[in-house]
Amino acid sequence: MAGHILTGLNAASMAGAEAYGLITDGAIAIEGERIVWVGAREALPESYAGWARHELGGRLVTPGLVDCHSHVVFGGNRAREFEMRLNGASYEEVARAGGGIVSTVRATREASEALLLEDALTRVDALMAEGVTTLEIKSGYGLDQETELRMLRVARAIGEARPITVVTSFLGAHAVPESHRDQPDRYIDDVCIPALRAAHAEGLVDAVDGFCEGIAFDPAQIARVFDVARELGLPVKLHAEQLSNLGGAQLAAKYGALSADHIEYLDQAGVAAMAGAGTVAVLLPGAFYTLRETQMPPVEALRKAGVPMALASDCNPGSSPLTSLLLTMNMGCTLFRMTPEEALAGVTRQGAAALGLADRGQIAAGQRADLVVWDVAEPAELSYRIGFNPLYKRIFGGQI
Ligand code: DI6
Ligand code: FE
């Protein structure tokens, strides 16, 4: 029997009731892709005596980070729109003027699979450099069958090109394309649902997402997409209550959604519905920051109701050109008043829960050996510092 042992570490296991599930001067035994033992170094069983040993000198080990909401595959960028907003236009005005999501759709349709991959990898590499080992990637900038499938193939290719787990979400219901202006129902029936079926048939879809908003789709339209997801046996999630409250979170909860995301405008009924359904709240402070939103997501109400809170980058060219999960954690604390412990759980255990993945997000026997070793003395440092990367080693599936 051969494996690795990491010793002399402090492990923020993110399990159990104790703060961070912290183990001081611990050891982690890894065999193949899995963690097989974790505990205090002095309690390490004799049977691991012959294993390769890595001394970590008191550094902090956390689970590999999970970015559970991203749009890293897209063509072009939106620096000009950034400039427009700084000249006074609102996000909704930009969208209505044919900018916003629709302009990225144009650039994405024009880009080859190779170019989309090359571009996306620059963003993925930045996320990985800060310890991301699992990344969710959405389609949604194609809005035609060919391009939606191309985006998802690129997402799968990222998982082949890099040591990272990629989880895909079909987001055909992201925006109404020019070709279907003022005909969202026709778009859902003629493009979105057929594209979902085709993408699923190619094995490209792990979950189904939508954008439930005045500038996108209403709950009845989203429900039709979710009905197909249910028929195909795919889990759902939803961009809900980002700019207004249409009751998207309640719709998501009704379908047993893995998560409802953004949720700045979530009300008490939405919180209760999410609590009842076990739907994770995915908070996206990068979009809140970029849009200079002032409506805070109801963190205290979510906390009280026991709704798990995840944090994610929402990396996208418009509302969150963010490729740092450490900065996301800092923003979760500073902008949303999450605790550093909630922030770390938000990018590990709760991020995994938002993807329906039970095999990661904690340091425990049986979990995947996706780990990050940080050059910090205590877990709060990860959320506290701004623009500093203390990553020492990233371990993916036991590979150091
Ligand atoms: N909400 C968002 O914040 C992003 N998508 C969504 O549904 C914005 C995407 C974009 O502006 O390109
Ligand atoms: Fe998003």
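In this predicted model, Arg292 sits in the loop between helix 10 (285–290) and helix 11 (299–305). Its phi is near 50 degrees. That is a positive value in a residue other than glycine. Arg292 has a relative accessible area of 71%. The cut-off for an exposed residue is over 50%, so Arg292 counts as exposed.

His262 also has a positive phi, of about 85 degrees, although it is not a glycine. His262 belongs to a strand, namely strand 11 (residues 259–262). The relative accessible area of His262 is 2%. Buried means under 20%, and His262 is therefore buried. Thus one residue with positive phi, Arg292, is exposed, whereas another, His262, is buried.

His262 leads on to ligand 1. A polar atom in the side chain of His262 is 3.5 Å from an oxygen atom of this ligand. Tyr141 makes a further contact: an N or O atom of its side chain lies 2.6 Å from an oxygen atom of ligand 1. Gln242 faces a nitrogen atom of ligand 1 instead, with a polar side-chain atom at 2.9 Å. Taken alone, ligand 1 exposes 320 Å², and the protein buries 100% of that area. There are 14 residues around ligand 1. Those that come nearest are Arg78, Tyr91, Tyr141, His174 and Ser319. Tyr141 is thus one of the nearest residues and also one with a polar side-chain contact to the ligand.

Ligand 2 is an iron ion. Three histidines and one aspartate coordinate this ion. The histidines are His69, His71 and His239, each through NE2. The aspartate is Asp314, which binds through OD. The distances run from 2.1 to 2.3 Å. Along the chain, the donors follow the spacing H-x1-H-x167-H-x74-D. His69 and His71 therefore have one residue between them, while 167 residues separate His71 from His239. A further 74 lie between His239 and Asp314.

The geometry of the iron site was examined next. The 4 donor atoms subtend angles of 80 to 165 degrees at the ion. Four donors count as tetrahedral if all angles lie between 85 and 135 degrees. The range at the iron ion goes beyond both limits, so the arrangement is not tetrahedral but irregular. For four tetrahedral donors, the ideal angle is 109.5 degrees.

Two of the iron-binding histidines were also assessed for accessibility. His69 has a relative accessibility of 0% and so counts as buried. His71 has a relative accessible area of 2%, and is therefore buried as well.

Key:
Residues numbered from 1 in each chain as written. Chains lettered and ligands numbered in written order. Predicted model: local features only at pLDDT ≥ 70, side-chain atom pairs only at ≥ 80, totals over all residues. Heavy atoms only, no water. Donors = N, O, S within 2.8 Å, 3.2 Å for Na, K, Ca; no water. Tetrahedral: all angles 85-135°; square planar, octahedral: opposite > 155°, others 65-115°. Buried < 20%, exposed > 50% of the residue type's maximum accessible area, 1.4 Å probe, protein only. Helix = DSSP H or I, 4+ residues; strand = E, 2+ residues; numbered from the N terminus. Near = heavy atom within 4 Å. Polar contact = N/O pair within 3.5 Å; in protein donor to acceptor, adjacent residues only side chain to side chain. Areas by Shrake-Rupley, 256 points an atom, 1.4 Å probe, with all protein chains shown as cover.
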